[in-house]
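Me: Please take a close look at a single part of this model, the place where one chain meets the other, and set it in the context of what else can be said with care.

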Amino acid sequence: MRLNSVAKTVLQRLGLGLITLFIVSIIIFSAVAMLPGDFAKATLGQSATPETVAALQHEIGLDRPPVERYFSWVGKMLKGDFGSSFASRTGYRRTVAEIIAPRLYNTIFLAVMTALIAVPLALGLGIVAALYRNSWFDRVVNTVTLTTISFPEFFIAYMLAFLIISRDTFAGTEFAQSLPAWLAISINWTLNVVPKFPTLANINDETPFWDHVWRAALPSITLTLVIVAHMMRMTRAAILNMLSSPYIDMARLKGMGPMVVVVRHALPNAWAPIVTVVAFNLAYLIVGVVIVEVVFVYPGVGQLMVDAVRSRDVPVVQACALVFAAAYILLNLIADIISIATNPRLLHPR
Amino acid sequence: MKSSNVIARERGTDLLTVRDLHVEGFSDERWHPIVRGVNVSLKRGEVLGLIGESGAGKSTIGLAAMGYAKPGCRITQGSVVFDGADLLSMSEARRRRLRGSRIAYVAQSAAAWFNPAHRLLDQTVETAVAHGIASRGEANRDAVELYKRLQLPEPETIGFRYPHQVSGGQLQRAMTAMAMVCRPDLIVFDEPTTALDVTTQVEVLASIRRIVEDFNTAAIYVTHDLAVVAQMADRIMVLRHGQTVEEAVTRQMLAAPTQEYTRTLWAVRKLVKPEIEARDHLLTIDNVTAAYAGRVKVLVDVSIKVPRGRTVALVGESGSGKSTLARVVTGLLPAISGSISFDGQPLPLSLKQRPKDLLRRIQMIYQSPDSALNPRQTVEDIIARPLEFYLGLKGEQRDRRIGELMHMIEMDESFLDRLPGELSGGQKQRICIARAVAANPDLIICDEVTSALDQIVQEEILKLLMRLQRELGVSYIFITHDISTVRAIADKVVVMHQGKVVEQGSKTEVLTTPHAAYTELLLSSVPEMDPDWLTQLLARRKNRGILDAAG
């Protein structure tokens, strides 16, 4: 009975997610269909004759009516066939799946790596900030995270890259020579403490795992700086919100120390808002990383999509958009399920 | 805890001595005094009752006895010496070791004071395990033992439930078990039964009294209910505005209070209205059955007649269907079957089918004026809304009517531009009354309108409602669980239990010659000022075996 009601809610959410995905697919298809320009004309150039354009359009099926094209797209996708890239030629077929798969792996790799750093960091900082609220630690953490979230991500990315480069070049700059010697030396020393992360994350299929981690370090740190503030502040706020509850007074009156009060009594009741924000930020790691990918030349889905839009490779654009939507919906679904699982009122009904 | 044990108690050594306690609270950007120079002394095994209106500082003193000030409060002066050590000057770590293990706390609303995320058993044993008094296994066994002593149902397994899965009375007893688990020397009970129905209250009072007696625990019992404190305390201290008014042994305090203020507190319970019979009926509820979507029926075949210009009191414990009946009459919850007629005309069951003028004629006043008033609207906006909406009054007419209404509820027109947050509880409830009266209704449904208020304010509100009835001829359906309120205002009484009408009739019929067993149980559960009342009641019930039936 009790499991049923939770299972029912989960299935309901899953169903809603699928409906959302379906609606999103219509929007993606319409939006892409309305993009200005035409793949055939773009590929063949200004000088192409109408006949060659029409021939190419026929070859890739662009001459059929949009509704028919939509249903054949969705129908094939349901069978696991994401179609062929427009870049395919007779005898040289490139499926969308084989184009996206390695890129998606890279994107997920970066997202998981960042999540593993950022989520525990944000939760930990949030809990400690709530524990020592209004202390210098709380203020410093708040100020620093607010600063990093206020800068555009490309700025942070370039600053980090600049920092790495300065490691080798700082001593030789005019700026360094204008500083007193002790200061220049200590700055140089500090810079040299920073590991020499690669500023270009060039990665291919053969890159070994730990090498991949090493090369993805800078993009990952950049993304961590971008997302940690939001999650950390929500953790802090959600816990502080709980701290005014009577049962927190009760825990104190039972002689529990501040750490127990926050971790055992406040945090379990604060998961729902925290998880929602975490899901939102993790979704960003997959959907919104395109700029960071471009800065560090990291071969993820975001860059692929930008390239595909530029060359009007519609099947790839559509598939990328759909992958983004699915990631977004899935992560929010997981957040919903965790919210239910941490709410005893839902999990253990009367 | 009383009678035979009193002598043994008085021989006990000093346990707690509070000297010249001053506590301040922060609000409106400054510190206000809450407690001003109170002295308390308590011997081992002794129970001290703290009594007073809200804002008298009694809960604050209770917490200060644990060396604790709520967030937003601070102890500015005085000493709290517990078993030879001053709680206020010792280190926080040492205070923490005492809290829970030697001084424990039982709060008013157990539903809010239990952590919703953990099982009852985990919370019950937490202190014992954390303070290193017992191993987890020992503590678990002890908790089950305490659940048994406190007569909780299924003591072996009830600990595995979450707080939302047990009733309010059970939760209150579980909280007492949680306080008892370290066998403290002192327990602070902060209005532990105020949120409970009278029938449940008796059970919880009896459980608390027995367990405190068994373990010879000293207690500070905070309440605003004199009859309750009379049953529980060896000594009573009356507080007002953070100061002691007087202090004496319970019997002496009840028999011969020396201070005028104490006498006014004692007098509140004596408001009685003579009943008047009426033949003309304004509202007739006929065989009404109602249910919430997809659930069991909450009202079954209810038939009630409301005489014109009179008051019908709906009595029963929570879950008896009183408030549901109010929702059915207002049309918020359309009845499944049955019919209602209003002023000789059939009343459409659903709110949506009722014309505006019919809506105007039935108004409601709620229990909690805090949630019934929009905190962002001024008093003027609140009262003007029904005038504009139902009666279409504008400009000077509207302003004049607002003035009249404020005069009716005995409030100054200077309150008009205030927000609800700036008013006291009694003033807020007056605004709610003015808003209901503004629509010129024939029937007002009052849902527990006084239960959130102090006794003295309660009396003022009841008097106001009675005066408005005389002047305007309005009928009331008065939902309450408090029998003294019934005595004060009702002409007719309807007793409800589990969605059914158990008994109805004129006030004298129902209150003086109870017929139904449930009415008997309900009426006998209302605490009386006699300090032997609970002891005698329990003895009588034991003889007749009612106690088990009531649980």
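Reply: What follows starts with the side of chain A that touches chain B and then turns to the confidence values and to the domains of chain B.

The model is a predicted one, and in it 18 residues of chain A are in contact with 24 residues of chain B. On the side of chain A that touches chain B, at least two residues each are supplied by α12 (246-253) and α18 (344-347) of chain A, and it is α12(A) that gives the largest share, namely six residues. Sorted by chemical character, the residues on this side of chain A comprise seven nonpolar, six polar and five charged.

As for confidence, α12(A) has the highest mean pLDDT among the elements of chain A, at 93, whereas the lowest, 71, belongs to helix α2 (residues 39-44) of chain A. Over chain A as a whole the mean pLDDT is 86, with 97% of its residues reaching 70 or more.

Chain B, the partner in this contact, is divided into domain 1 (5-270) and domain 2 (281-513), whose C-alpha centres lie 35 Å apart. Within chain B, 10 residues of domain 1 are in contact with eight residues of domain 2. To the side of domain 1 of chain B that touches domain 2 of chain B, α8 (198-214) and α11 (260-267) of chain B each supply at least two residues, and the residues of that side divide into three nonpolar, four polar and three charged.

Definitions and conventions. Residues are numbered from 1 along each chain as its sequence is written. Chains are lettered from A and ligands numbered from 1 in the order in which they are written. This is a predicted model: local features need pLDDT of at least 70, side-chain atom pairs count only at pLDDT 80 or more; totals for chains, interfaces and linings use all residues. Two residues are in contact if their C-beta atoms, placed from the backbone, lie within 7 Å. Helices (H or I, at least four residues) and strands (E, at least two) are DSSP runs, numbered from the N terminus. Ala, Val, Leu, Ile, Met, Phe, Trp, Tyr, Cys and Pro count as nonpolar, Asp, Glu, Lys and Arg as charged, and the others, Gly among them, as polar. Domain bounds come from an automatic or database domain assignment. pLDDT is the predictor's confidence in each residue, from 0 to 100.
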